[in-house]
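Here are a few notes to read alongside the model. Keep the 3D view open and turn it as you go through the points.

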Amino acid sequence: MTDDPEFIYDDEDEPQKPAKPAKVKRKQEVYTLVVEVGRKKGDGLPKNATGAGIMCYASGVEEAEAVRETVAILKDADMAPLDVTGYGTLEERLAQGHEISDEERELMQRALDENSVIVVQLQPFFGKDRQMPDPTLA
């Protein structure tokens, strides 16, 4: 009998693959994200805009996944994501004292049900004005 860690040996010294641990299904949550985008040909922003701030609700098992999915979708839409700020889940936002309307809650639930990214607000930038959407004021 050998001590090969890749195999388990039974009484007859026949190698058997070890049982794989069961995958733990992690719960999807919805994250509030604000994405700053620059200009890119075909982005659909107003002619004189220098970029935009986009507030989204995005589902994921962790915030990093929600960010990756949001950035990928915005790139597919010919946007040029520059920076992403996360504001957390519904529960985290409530714990921080954010007031969240019924309409926002419905959109968050839709993002969760559809495992999607919902664009809630798009604020174009003009000149040096870079007023980002603020989820704490929504």
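1. A word on terms before we start: two elements are in contact when they have heavy atoms within 4.5 Å. Keep in mind too that this is a predicted model.

2. With that in hand, look at helix 3 (residues 102-114), which lies across strand 3, strand 4 and strand 6. Helix 3 runs at about 70° to strand 4.

3. Now for the sheet itself. It is open, has four strands in the order 5-3-4-6, and the pairing is antiparallel. Strand 5 (80-89) and strand 6 (117-126) are at the edges with a single partner strand each, so one side of each has no neighbour in the sheet. From one strand to the next, the twist averages 20°.

4. Try following one pairing. Strand 4 (residues 49-60) and strand 6 are joined in the antiparallel sense over nine bridges. You can spot Tyr-57 opposite Ile-118 in strand 6. Helix 1 (residues 63-76) also packs on the sheet, where it touches strand 3 (29-38), strand 4, strand 5 and strand 6. The direction of helix 1 makes about 45° with that of strand 3.

5. Which element gives the most to the lining of the largest pocket? That's helix 3, with four residues. Strand 3 and helix 2 (90-95) are also among the elements that each supply at least two. The pocket's volume is about 190 Å³.

6. Last, check who lines that pocket: the residues include Lys-27, Glu-29, Val-30, Leu-90, Arg-105 and Met-108. By class, the lining has four nonpolar, three polar and four charged residues.

Definitions and conventions
Residues are numbered from 1 along each chain as its sequence is written. This is a predicted model: local features need pLDDT of at least 70, side-chain atom pairs count only at pLDDT 80 or more; totals for chains, interfaces and linings use all residues. Side-chain values use heavy atoms; hydrogens and water are left out. Two strands pair if DSSP finds at least two bridges between them. Axes are lines fitted to C-alpha atoms, for helices over the stretch in contact, and angles run from 0 to 180 degrees between N-to-C directions. On a 1 Å grid over the protein atoms alone, a cavity is a set of points where a 1.4 Å probe fits but cannot get out, and a pocket is an open set with protein on both sides within 12 Å along at least five of seven lines; lining residues have an atom within 4 Å of a point. Grid points are joined across faces, edges and corners, and a volume is the space filled by probe spheres set on the points. Ala, Val, Leu, Ile, Met, Phe, Trp, Tyr, Cys and Pro count as nonpolar, Asp, Glu, Lys and Arg as charged, and the others, Gly among them, as polar.
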